[in-house]
Amino acid sequence: MRRHRNVKIVATLGPASSTYEMIRALFEAGADVFRLNMSHGAHEDIRKRHEIIRQVEKDLGRPIGILADLQGPKLRVGVFANGQEELSEGAAFRMDLSTTPGDAHRVNLPHPEIFAALEPGATLLVNDGKIRLRVNACGKDFAECTVEVGGTISNRKGVNVPDVVLPLAALSEKDRSDLEFVCELGVDWLALSFVQRPEDVIEARSLAKGRAAILSKIEKPAAVKAYDAILQVSDGIMVARGDLGVELPVTSVPPIQKRLVRGARAAAKPVIVATQMLESMIEAPVPTRAEVSDVATAIYEGADAIMLSAESAAGKYPVEAVTTMNNVAMSVEKDPTYLSIIEASRVVRRESVADGIVAAAREIAEATNIKAICCFSQSGTTASLVARERPHVAILALTPLMSTARRLALTWGTHCVITPPQERFKGAVLAAVGAARSDGFATEEDQIVVTAGVPFNVKGTTNILRVAPCDERLISRVDPE
């Protein structure tokens, strides 16, 4: 099953998309990676969805990526004696560690780590930023605030603290349990929520022990400031615009999105643009024009993937939402303007032999009538480097490892093919030619570019480039053995 687009689609599973029939329909409509949201659903529910995805993968014969999204630390107020209260602008309001039910003047905030980090002048946001409090005075167990933006505050509403780096681990006890569970299941990617510093990613990597790639969600101002360091220790990035838009002015989110996408592309690491992309399709069978434009913008920026959340997890029209994303992507990528924007935003890297090989592969493919770039990749690194070039031709990633093929399901433009391990370059060329023809990328009359590393099956050895005819009879006997 060949996709006729380069950007990948991530679909979140949930109550509306938990059956074999629906998950298969979502994949056939265009989903490349399925997201398991660990904030919702018991472990047994997650296990069943995982099993169904792998059954769909087996039945359709295509690698499917699975991303487990960890909840992260959730900061919430306590409860109110009346269930809720109305806060008026200019009023005084206190948060403290007392477990007494709250009223119109105070409420419990059971997070001493917040009080430890607060300073006068800091901002507290409640209920997705609908209520804004300014801290006037604070101590180890309280914060005296002024209500800057009022509204209804009720039991256990979320709290955001945008101004300070909180002394919180990115992984709660629930996250640690969930991480071990999904790694044992065999997910391909772990998404870390509320990352603030590179150490958060390093901790998760030590717990994952190589069983899953680590994707950092950038959704806090601290993460934006430390982005370069976080990117360096991450395998991928998610631009999580929901909380970014709460903790930062919404007008700053678009330029931040562009910078995060550019940075990840330059590092040859997959980047997902997420949150509210087709939100109206939770209830409606068609999106708004603004939503279509939002999806298109992410594609024009060269993002590796675009993501559906509640649209596919709990919406009324999950298949239609995936189909819409697929159709928008195909329309954008046919636009001549798309190619010129991708060209203009390409980052040139010439720091290694592998960088030179993949750059040459793209230039040769685009200067001649080459149908595809076929790269042999043990770990996925070579395929990621080819994808960074954003070539105008198809990318075939050939690997003997299903785990690598599944992780590459998130990477721009890659069509993964499982092949037997190769020992000689000539055999690799023949395997590449066979894959290009059998999967519909080329015919006998065409040519492809093949990249590989010798010795084979060793990470980081990309050092050969070959232009090969797709007619096996024409493959020269002088090819390196």
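In which helix is asparagine 326 found? In this predicted model, asparagine 326 sits in helix H12. Asparagine 326 counts as buried because its relative accessibility is 13%, and buried here means under 20%. For a polar side chain, there is a partner to look for: the side chains of asparagine 326 and arginine 5 are joined by a polar contact of 2.6 Å. Leaving aside residues up to four places away in sequence, asparagine 326 touches Arg5, Ile9, Ala29 and Gly30.

Helix H12 also feeds into the nonpolar interior. The largest nonpolar core has 91 residues, and the members touching the most others are Phe34, Leu190, Ile299 and Ile306. Helix H12, spanning residues 318-333, gives this core its largest share, 6 residues. A second core stands separate, with 27 residues, including Ile114, Ala117, Leu133 and Ile153. Back in the largest core, isoleucine 306 has a long list of neighbours, again not counting residues up to four places away in sequence: Val7, Lys8, Ile9, Val10, Val273, Met277, Val295, Ala298, Ile299 and Met325. Ile9 thus turns up in the contacts of isoleucine 306 and in those of asparagine 326.

Now for strand S3 (65-69). S3 is mostly covered, with 5 of its 5 residues buried. In a regular strand, side chains alternate between the two faces of the sheet. In S3, Gly65, Leu67 and Asp69 lie on one side, Ile66 and Ala68 lie on the other, and both faces are covered. S3 runs parallel to strand S2 (residues 33-37), and 5 bridges join the two. One of the pairings puts isoleucine 66 of S3 as the bridge partner of phenylalanine 34. Between these strands the chain passes through H2, making a right-handed β-α-β crossover from S2 to S3. S3 is also joined to S12 by 3 bridges, and this pair runs parallel too. Here leucine 67 stands opposite tryptophan 189 of S12.

Helix H4 takes up the packing story. It covers residues 173-185, 13 residues in total, and spans 19 Å from first C-alpha to last, close to the expected 18 Å. Its buried residues are Asp175, Asp178, Leu179, Phe181, Val182, Cys183 and Leu185. What do the buried residues of H4 pack against? They pack against two helices, H2 (43-60) and H5 (198-208), and two strands, S3 and S12 (189-192). After H4 comes glycine 186, with a positive phi near 110 degrees.

How values were computed
Residues are numbered from 1 along each chain as its sequence is written. This is a predicted model: local features need pLDDT of at least 70, side-chain atom pairs count only at pLDDT 80 or more; totals for chains, interfaces and linings use all residues. Side-chain values use heavy atoms; hydrogens and water are left out. Helices (H or I, at least four residues) and strands (E, at least two) are DSSP runs, numbered from the N terminus. The expected span of a helix is 1.5 Å times one less than its number of residues. Buried means under 20% relative accessible area, exposed over 50%, partly exposed in between (1.4 Å probe, protein chains only). Contact means heavy atoms within 4.5 Å. A nonpolar core is a set of buried Ala, Val, Leu, Ile, Met, Phe, Trp, Tyr and Cys residues joined through side-chain atoms within 4.5 Å. A polar contact is a pair of N or O atoms within 3.5 Å; within protein, one must be able to donate a hydrogen and the other to accept it, and residues adjacent in sequence count only if both atoms are side-chain atoms. Two strands pair if DSSP finds at least two bridges between them. A crossover is right-handed if, with the strands pointing away from the viewer, the path from the first strand over the helix to the second runs clockwise.
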